[in-house]
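Take a walk through this protein with the model open beside you. The route goes from an annotated span to a helix pair, then to the open and enclosed spaces.

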Amino acid sequence: MLREGSPAGESRLALVRRARRMDRILAETYPDAHCELDFRSPLELLVATILSAQCTDKRVNMVTPTLFAKYRTAEDYAGADRAELEEIIRSTGFFRAKAGSIIGMAQVVCERYGGDVPARLKDLVTLPGVGRKTANVVLGNAFGVPGITVDTHFQRLTRRFGWTAETDPVKIEQVVAELIPRRDWTMMSHRLIWHGRRICHARKPACGACPLAALCPSYGTGPTDPAEAAKLVRPGPFS
């Protein structure tokens, strides 16, 4: 169902204005949006983000207190007993692959960067288990370097919003980077992810409770009745 702000015949300027207006509305809706992984350093965030693949943030946050108490430096992870590390992170799923990524990442950090997590995208993506999404999470939240985090929620929402028809995460990142000012990339990413987790669900979005309804070309994908939609809204903090 198309409403105000439909991308049909929308000019480039109109799209930029609509995207930025939507981001402003989300900023008002989620003033406390932030990374929902618990961390105290770039290394902790990097490890937590690796663990978050195919796993909820809530589950990762249940595992990391024990993990971070035992392994405090990149050197600790680089020399970790693999079986012991796997057992600690087992509940996050794919624990063998994740343990391999964490140990490999730490070894490279020690060998190339003196034990300190690098603060550049081009360096981060060379680490085992670290792609652009993980790198941008670390840059934006641990180093204050603007980054766009294209997770599954972000991909779904940008297509529903009519910001892009791309399905490749890198292309989505490039398109959105041209719509939203660089200074807002990190917080915009948090806001879209929060909105995807709370209202704009994959199977049944709460359209009737959405603050973006008047600007979204996908309005009507989910129930539009306010009372019915309100039942679908999931409060935070989130997983």
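What follows is a short tour of the main features. Keep in mind that this is a predicted model.

Begin with the annotated domain. An unreviewed UniProt entry carries the annotation "domain: HhH-GPD", and this covers residues 51-198. Helix makes up 64% of the span, while strand makes up 0%. Now find the two ends of the span. Their C-alpha atoms lie 22 Å apart.

Next, turn to a pair of helices. Two packed helices are described by the angle between their axes and the distance between the axes. Here the pair is helix H2, residues 42-51, and helix H8, residues 132-142. They pack at an angle of about 150 degrees. Their axes are 10 Å apart. The crossing of H2 past H8 is right-handed. Which residues meet? H2 brings Pro42, Leu45, Leu46 and Thr49. H8 answers with Thr134, Val137, Val138, Asn141 and Ala142. Sorted by type, the residues of this contact comprise six nonpolar and three polar, with no charged residue.

H8 also has a part in the open spaces. Start with the largest pocket, which holds about 830 Å³ of space. Its lining counts 38 residues. Nearest the centre of this pocket lie Asp57, Asp151, Thr152, His153 and Arg197. Three elements give two or more residues to this lining: H8, helix H9 (152-160) and helix H11 (185-198). H11 supplies the largest share, with seven residues. What is the lining of the largest pocket made of, by residue type? There are 19 polar residues, 10 nonpolar and nine charged.

Move on to the second largest pocket. About 150 Å³ of space lies there. The lining has 13 residues, and Leu121, Asn136, Pro146, Glu173 and Trp185 are the closest to the pocket's centre. H8 appears again, since two elements give two or more residues to this lining, H8 and helix H10 (169-177). By type, the lining of the second largest pocket divides into seven nonpolar, three polar and three charged residues.

Now look for enclosed space. How many cavities of 30 Å³ or more does the structure hold? There is one. The largest cavity contains about 90 Å³ of space. A set of 14 residues lines this cavity. Cys200, Pro205, Cys207, Cys210 and Cys216 lie nearest the cavity's centre. In the cavity lining, 10 residues are nonpolar, three are polar and one is charged.

Several of those cysteines come up again in the record. The unreviewed UniProt entry gives the annotation "binding site" to Cys200, Cys207, Cys210 and Cys216. They span 17 residues in sequence, yet no two of their C-alpha atoms are more than 11.0 Å apart, so they gather at one spot. Where does this set meet the cavity? Cys200, Cys207, Cys210 and Cys216 are part of the lining of the largest cavity. One of the set, Cys207, sits in the loop between H11 and helix H12 (226-230).

To close, return to the helices and retrace two of them. H8 packs with H2 and gives residues to the lining of the largest pocket. H11 gives that pocket seven lining residues, and the loop between H11 and H12 holds Cys207.

Notes: Residues numbered from 1 in each chain as written. Predicted model: local features only at pLDDT ≥ 70, side-chain atom pairs only at ≥ 80, totals over all residues. Heavy atoms only, no water. Axes fitted to C-alpha atoms, helices over the stretch in contact; angles between N-to-C directions. Helix = DSSP H or I, 4+ residues; strand = E, 2+ residues; numbered from the N terminus. Left-handed = near helix turned anticlockwise from the far one by under 90°. Contact = heavy atoms within 4.5 Å. Nonpolar A, V, L, I, M, F, W, Y, C, P; charged D, E, K, R; others polar. UniProt positions renumbered as here; feature names shortened; annotations may be inferred. 1 Å grid on protein atoms, 1.4 Å probe; cavity = no way out; pocket = protein on both sides within 12 Å on 5 of 7 lines; lining within 4 Å. Points joined across faces, edges and corners; volume = space filled by probe spheres on them.
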